[in-house]
Amino acid sequence: MEEEEPLAESAHNKQRMIDKKLRKFRRESPEVIESFLNFWRQAKKPSAIPAKYKELIQLAIVLASHCELCIYKHVKLCLLAGATRAEILDAAAQALAVGDSIVYEYLAYVVDALDYYEPVIKGNENLSGKT
């Protein structure tokens, strides 16, 4: 029986592949990447929120976004920014606490969209102009 690669190692290897492909994208679309990186650098600059807390916030966001590889990357960045295991676990708990309520709140948009579009579709009205 073949032994499976540990999750963290698998994520690390996937991230290396992604980084390689992103370098290619940077070469092929330098203007797009430069615009993004300028924005990213601006957001990372020292501000009212210390770097460690920015990383913890970003970790909570990627957890709520269900981005597996991002979680590994941001745990690493949290540690590099000086966050403790307890702080990282607390940030994860905050994402868990909010994750369900975010989805719950967005159900209102689903109902609103149904209320708006359902009568139009049932009446075979032209959808142009209704976005």
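A residue is called buried when its relative accessible area is under 20%, exposed when it is over 50%, and partly exposed in between, using a 1.4 Å probe and the protein chains only. The model on your screen is predicted, so local features need pLDDT of at least 70 and side-chain atom pairs count only at pLDDT 80 or more, while totals for chains, interfaces and linings use all residues. Residues are numbered from 1 along each chain as its sequence is written, and side-chain values use heavy atoms, with hydrogens and water left out.

Begin with the whole protein, which has five helices and zero strands; helices (H or I, at least four residues) and strands (E, at least two) are DSSP runs, numbered from the N terminus. Of its 131 residues, 16% count as buried.

Next, select helix α1, residues 7–28, and find Q15 within this helix. Q15 is buried, with a relative accessible area of 17%, and, leaving aside its neighbours within four places in sequence, Q15 is in contact (heavy atoms within 4.5 Å) with L69 and K73.

Now add helix α2, residues 30–44, whose axis comes within 5 Å of the axis of α1 and crosses that axis at roughly 110°. Here axes are lines fitted to C-alpha atoms, for helices over the stretch in contact, and angles run from 0 to 180 degrees between N-to-C directions. The crossing makes α1 roughly perpendicular to α2, a term for angles of 65 to 115 degrees, whereas those under 35 count as roughly parallel, those over 145 as roughly antiparallel and the rest as oblique.

Turn then to the salt bridges, each a side-chain nitrogen of Lys or Arg within 4 Å of a carboxyl oxygen of Asp or Glu; the count comes to three.

- Select R41 and E34, whose side chains meet in a salt bridge at 3.4 Å, N to O; R41 is partly exposed at 39% relative accessible area, and E34 is partly exposed at 37%.
- Select E55 and K44, whose closest N and O atoms are 2.5 Å apart, and which link helix α3 to helix α2 across eleven residues. E55 is buried at 8%, whereas K44 is partly exposed at 23%.
- Select E87 and K52, with closest N and O atoms 2.8 Å apart; E87 lies in helix α5 (residues 85–122) and K52 in helix α3, 35 residues apart. Which of these two is buried, and which is partly exposed? E87 is partly exposed, with a relative accessible area of 23%, while K52 counts as buried at 19%.
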